[in-house]
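Reader: I'd like to learn how to read salt bridges and a nonpolar core in a model. Could you walk me through them?

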Amino acid sequence: MSGRSNVAEALGAVTRACALVMAMAVPVGTATAGEREEAMAAVVTRQIEAFRAEDLEGAFAFASPMIRRMFHDARNFGAMVRNGYPMVWRPEEVTMGPVVMREGRPVQTVFLRDARGMSYVAEYTMIETEDGWRIDGVRIVEAGGSSV
């Protein structure tokens, strides 16, 4: 691979990272629909990255107050995800889908593929708090073949 390709890839990664940080920094109540969707996707992405890094405190920080009360601490939360949602704990591939409204609440659709090549569709119910968007629940709605 040429040096120019490596530079282009690095610049692309930096640009995407900056966009995620900026999307999450939009003050509550002033964001456009597109900015809100970017912010929700960024929260889900960062939580998945925290799970991959086994940063349970970091992953738990993206959980809603209700989820935080339910699990009490990051260790309990991490054990639940590791045991109940292995496709979220260690996805091989993650693709953000659209944000849809379900029962008046925004839901971030996420397409996951695990290490065995199994595909899943996850619905992340989101809630807006004074600290920004948080994940208020995840539901695996579909499992299927070998493509996302």
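Reader: Which residues are linked in a network of salt bridges?

Author: Happy to show you, keeping in mind that this is a predicted model. The network joins Arg102, Glu123 and Arg139. In total, the structure holds six salt bridges.

Reader: What does the salt bridge between Arg90 and Glu54 tie together?

Author: For any such pair, look at where each partner sits. Arg90 is in the loop between H6 and S1, while Glu54 is in the loop between H2 and H3, so the bridge ties together parts that lie 36 residues apart in sequence. Their closest N and O atoms are 2.8 Å apart. Glu54 is exposed, at 55% relative accessibility, and Arg90 is partly exposed at 31%.

Reader: Is Asp136 buried or exposed?

Author: The cut-off for buried is under 20% relative accessible area; Asp136 has 13%, so it counts as buried. Its salt-bridge partner is Arg105, with the closest N and O atoms 2.3 Å apart. This pair links strand S4, home of Asp136, to strand S2, where Arg105 lies, across 31 residues.

Reader: Which residues touch the most other members of the largest nonpolar core?

Author: The general idea is that nonpolar side chains tend to be buried together in soluble globular proteins. Here the largest core has 28 residues, and those touching the most other members are Val44, Phe51, Phe77, Val88, Leu112, Tyr124 and Met126. Helix H2 gives the largest share, seven residues. Beyond its neighbours within four places in sequence, Tyr124 contacts residues including Val44, Ile48, Val88 and Val110.

Note on methods
Residues numbered from 1 in each chain as written. Predicted model: local features only at pLDDT ≥ 70, side-chain atom pairs only at ≥ 80, totals over all residues. Heavy atoms only, no water. Core = buried A, V, L, I, M, F, W, Y, C linked by side-chain atoms within 4.5 Å. Buried < 20%, exposed > 50% of the residue type's maximum accessible area, 1.4 Å probe, protein only. Helix = DSSP H or I, 4+ residues; strand = E, 2+ residues; numbered from the N terminus. Contact = heavy atoms within 4.5 Å. Salt bridge = Lys/Arg side-chain N within 4 Å of Asp/Glu carboxyl O.
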